[in-house]
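User: Please take a close look at the salt bridges in this model. I would like to know where they sit, what they connect, and what surrounds them.

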Amino acid sequence: MVRAGARRSAPQRRKRPRKRRLTKKQQAVRREWRLRGVILASIVGVAGITIAVIATAPPAPVLPDVVSVSVDPSAVPAMTVDGYDQEQLVNAAVIIDVGNQLGLGPRDQAIAVMTAMGESSLRNIDYGDWETSQRTNPDGSPTSSLGLFQQQDWWGSRDERLDPPTSARLFYAAMLRKVPDRDNLEPTIVAHLVQVNSDEEHYAKYWESAVAVVAALAQS
């Protein structure tokens, strides 16, 4: 019994166990394992990002594995392919159809589509370089290019060059005549040799789109 006014004795505090001091060797081992954990986490993070990119990247378009692509220009559905609308796709279908009539393969058909992309963006326009940029021929005369392939006067009459099937046939005829070894050449070089433009690499950036359009129309 504790008397009134008597002071209580302070409760004794529990002594915390002293941390065991690690030796220098043990400290080094701990630091090494922490470093390994950071490196492993970084690798997993980078791998995760890489896998995500691979999973979402669209496959590169490939040409159909057929003797020649057959497509009906009048039956092209309302759609877009790689940014090209139905009007442009119908013109591409005309070019492909003419190539099929001539017995040419998907690569030649895609080269023709690529060339029209680079010349007129697959639109049958009735003007050309002279009207847009006052460009002249080497002899100083105004250029007279127009149509899908921006063909000048020596390719044919105005009506012929503005008629998509005829202009496509004129292009193919020149390609067959001028570039018999085209299978061994880059598509942009083939187009350059036919069109005789100032930059042989001009058409290269359109090749993948041309392949995508030919592949899509082959399935339409």
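Analyst: The structure, a predicted model, holds four salt bridges. Three of these are described below, starting with the ones that involve R123.

The side chains of D85 and R123 form a salt bridge with an N to O distance of 2.8 Å. D85 is in the loop between α1 (24-56) and α2, and R123 is in the loop between α3 and α4 (129-133), so this pair ties together parts of the chain that are 38 residues apart in sequence. D85 is partly exposed, at a relative accessible area of 26%. R123 also counts as partly exposed, with 27% relative accessibility.

A salt bridge also joins the side chains of E87 and R123, with N to O at 2.9 Å. This pair links distant parts of the chain, since E87 belongs to helix α2 while R123 is in the loop between α3 and α4, 36 residues apart. E87 has a relative accessible area of 47% and is partly exposed. Taken together, D85, E87 and R123 are linked in a network of salt bridges.

The residue before R123 in the numbering deserves a note on its backbone. Most residues other than glycine have a negative phi. L122 is not a glycine, yet its phi is positive, at about 60°. L122 lies in the loop between α3 and α4, and it is buried, with a relative accessible area of 0%. R123, in that loop as well, is partly exposed at 27%.

The network involves α2 through E87, which leads to the packing of α2 on α3. Two packed helices are described by the angle between their axes and the distance between the axes. For α2 (residues 86-101) and α3 (residues 106-120), the axes come within 9 Å and cross at roughly 145°. The crossing is right-handed. On the α2 side the contact is made by A92, I95, I96, G99 and N100, and on the α3 side by Q109, A112, V113 and A116. By class, six of these residues are nonpolar, three are polar and none is charged. E87 is in α2 but is not among the residues listed for this contact.

The remaining pair to describe starts in α3. The side chains of D108 and R182 meet in a salt bridge, N to O 2.9 Å. D108 is in helix α3 and R182 is in the loop between α6 (164-178) and α7 (187-195), so to speak a link between distant parts of the chain, 74 residues apart. How covered are these two residues, buried or exposed? D108 is buried, with a relative accessible area of 7%, and R182 counts as buried at 10% relative accessibility. The members of the R123 network fall in another class: D85, R123 and E87 are each partly exposed.

The loop that holds R182 runs between α6 and α7, and α7 is itself mostly covered, with eight of its nine residues buried. The buried residues are P187, T188, I189, V190, A191, H192, V194 and Q195. They pack against α3, α6 and α8. Helix α3, the helix of D108, is therefore one of the elements that the buried residues of α7 pack against.

Just after α7, V196 takes a positive phi of about 55°, although V196 is a residue other than glycine. V196 is placed in the loop between α7 and α8 (207-219). With a relative accessible area of 59%, V196 is exposed, whereas L122, the other residue noted here for a positive phi, is buried at 0%.

As for the setting as a whole, the chain has eight helices and zero strands, in the order α-α-α-α-α-α-α-α along the sequence. Of its 220 residues, 35% are buried. Among contacts between residues at least 6 apart in sequence, 58% join residues at least 24 apart. The three salt bridges described above link positions 38, 36 and 74 residues apart. The chain exposes about 14700 Å², of which carbon and sulfur atoms supply 54%.

Key
Residues numbered from 1 in each chain as written. Predicted model: local features only at pLDDT ≥ 70, side-chain atom pairs only at ≥ 80, totals over all residues. Heavy atoms only, no water. Axes fitted to C-alpha atoms, helices over the stretch in contact; angles between N-to-C directions. Helix = DSSP H or I, 4+ residues; strand = E, 2+ residues; numbered from the N terminus. Left-handed = near helix turned anticlockwise from the far one by under 90°. Contact = heavy atoms within 4.5 Å. Nonpolar A, V, L, I, M, F, W, Y, C, P; charged D, E, K, R; others polar. Buried < 20%, exposed > 50% of the residue type's maximum accessible area, 1.4 Å probe, protein only. Areas by Shrake-Rupley, 256 points an atom, 1.4 Å probe, with all protein chains shown as cover.
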